[in-house]
Number of protein chains: 2
Amino acid sequence: MTGQVRTVDGRVAGRRGQETRQKLLDCLREMLSTSPYRDVKVIDVARMAGTSPATFYQYFPDVEGAVLEIAEEMAKDSVELKELVDGKSWAGKSGTTTSEELVDGFLAFWRKNDAILRVVTLGAAEGDKRFFKIRMTVLNSVAKPLADAVKDLQAKGQADRAQDAAAVAGSLISLLASAAEHQKAFTSWGVKIKDLKPTLAPLVYLGVTGKKAPK
Amino acid sequence: MTGQVRTVDGRVAGRRGQETRQKLLDCLREMLSTSPYRDVKVIDVARMAGTSPATFYQYFPDVEGAVLEIAEEMAKDSVELKELVDGKSWAGKSGTTTSEELVDGFLAFWRKNDAILRVVTLGAAEGDKRFFKIRMTVLNSVAKPLADAVKDLQAKGQADRAQDAAAVAGSLISLLASAAEHQKAFTSWGVKIKDLKPTLAPLVYLGVTGKKAPK
DNA sequence: AACTTGTCCTGTCATGCCGTCAGCTTACCG
DNA sequence: CGGTAAGCTGACGGCATGACAGGACAAGTT
């Protein structure tokens with residue numbers, strides 16, 4: 001068991017308490033997606049949830065603590081990303097499909113969790129181990145199976161053995177993450193979002209197989 | 001002329017004033033690289049600069065305003081990045097060198113401006129137009145010449161014409177930016193930093209030319 | 001040296017958020 | 001119905017914010 005939900009001062013939270021707690025998390029998530037992280041205040045979250053700041057501090061040590069909670073929830077969801085790579089084929093035409101679905105699925109996940117991932121990314125970049133770990137959980141859910149796929153192809157002589165499989169997978173996932181984070185940047189380069197998949201997918205295919213994508 | 005430096009209340013800053021202002025900026029830059037953005041307080045910056053919070057507010061509207069200043073300075077420096085691509089050759093072996101130097105130079109620039117770029121990236125992701133513009137200035141200093149290079153190769157039939165040059169360049173720059181931002185992530189994948197260049201450079205080469213990198 | 005002018009800095013104050021605690025209310029159970 | 005633990009909040013000291021007025025200072029003028 002993960003143990004019951006507890007308040008900061010050690011009480012176990014009952015039905016009503018968990019509801020309040022959840023409402024606070026929901027409101028915080030909402031706030032994160034509408035105002036800059038730096039400006040998210042406990043008092044605003046509490047007000048939005050129709051409760052008082054003191055209540056917030058009953059359930060979370062501070063804003064960061066609550067954010068971590070939301071992030072961990074999201075990290076759990078990220079297991080679904082494994083399916084984008086696990087057991088997929090990279091041979092010929094089906095490899096193209098695999099890479100396209102990977103790009104699509106990954107971008108969609110990132111878009112869905114946009115706001116919280118922004119904060120996680122910042123925290124990780126600033127050297128916070130907890131955020132870093134969460135970010136790794138998300139990226140690993142794709143990077144691990146992808147590295148395995150590369151190793152597999154290398155073993156079968158269908159990919160460049162000189163490349164470090166983990167480094168290749170990591171770079172590609174970084175590519176997807178960054179493209180996902182800054183979709184707006186592309187439009188300002190005159191690139192339409194729909195042009196993004198046709199560009200990223202061949203890069204992924206190229207990185208994994210070392211071959212040019214077939215038409 | 002960019003116009004003289006002015007205080008918030010409109011006075012022109014003299015020699016001494018500019019020194020104080022600069023010292024505040026330097027201390028803020030220092031703070032950004034040692035503590036989380038969310039926790040950077042005016043009072044700490046002022047204390048470190050041996051002055052009072054009121055003085056800070058003479059020169060900057062708020063922390064964000066000062067951060068923008070630092071970011072703009074950095075954006076100016078980013079013109080040096082153009083040299084990494086402008087007039088370089090992508091043919092054969094020298095193409096490999098070009099891509100390697102591009103990766104190296106870009107990662108170095110990002111490492112040098114680590115802290116401020118983190119904040120700029122966050123601001124841009126949160127939709128702040130000013131930060132977004134600064135980020136684009138930095139990325140464009142490489143993306144523009146890179147897109148030109150791709151177009152050039154396409155015209156000469158040495159690259160896939162079906163690809164959108166701007167999208168390719170943008171994706172590759174995104175790749176570099178993201179790898180640069182999260183160099184730590186790679187080490188946790190068991191990838192050494194020195195393995196990063198040999199992985200990224202071929203990807204860049206592949207993206208630009210559509211061909212596998214020569215040995 | 002006294003005076004003037006404009007720059008530069010800070011003490012102080014009102015305001016608002018933070019984070020804690022004591023104590024009140026509510027729900028559940030025997 | 002009374003006991004117990006959960007749930008909530010008003011109130012408070014502390015600190016950051018941001019505005020202002022006034023004092024310190026440098027440099028030039030008479």
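**Notes on how chains A and B pair up**

1. Start with the symmetry: a turn of 180° and a shift of 0.1 Å along the axis lay chain B on chain A with an RMSD of 0.1 Å (superposed by least squares on the C-alpha atoms of residues with pLDDT of at least 70 in both copies). The two copies are thus related as by a two-fold rotation axis. In chain B, Leu175(B) has the C-alpha nearest that axis, 2.1 Å away. Both copies use the same surface, since 100% of the contact residues of chain B recur in chain A.

2. A word on the ground rules: this is a predicted model, where local features need pLDDT of at least 70 and side-chain atom pairs count only at pLDDT 80 or more, while totals for chains, interfaces and linings use all residues. Residues are numbered from 1 along each chain, chains are lettered from A, and side-chain values use heavy atoms, without hydrogens or water.

3. How many residues meet? On chain B, 48 residues are in contact with 49 of chain A (contact means heavy atoms within 4.5 Å).

4. Together the chains bury about 4,500 Å², 63% of it from carbon and sulfur atoms (the accessible area, with a 1.4 Å probe, lost on being put together, summed over both parts).

5. Don't hunt for salt bridges between chain B and chain A: the count is zero (the rule wants a side-chain nitrogen of Lys or Arg within 4 Å of a carboxyl oxygen of Asp or Glu).

Methods: Buried area is the accessible area (1.4 Å probe) that two parts lose on being put together, summed over both.
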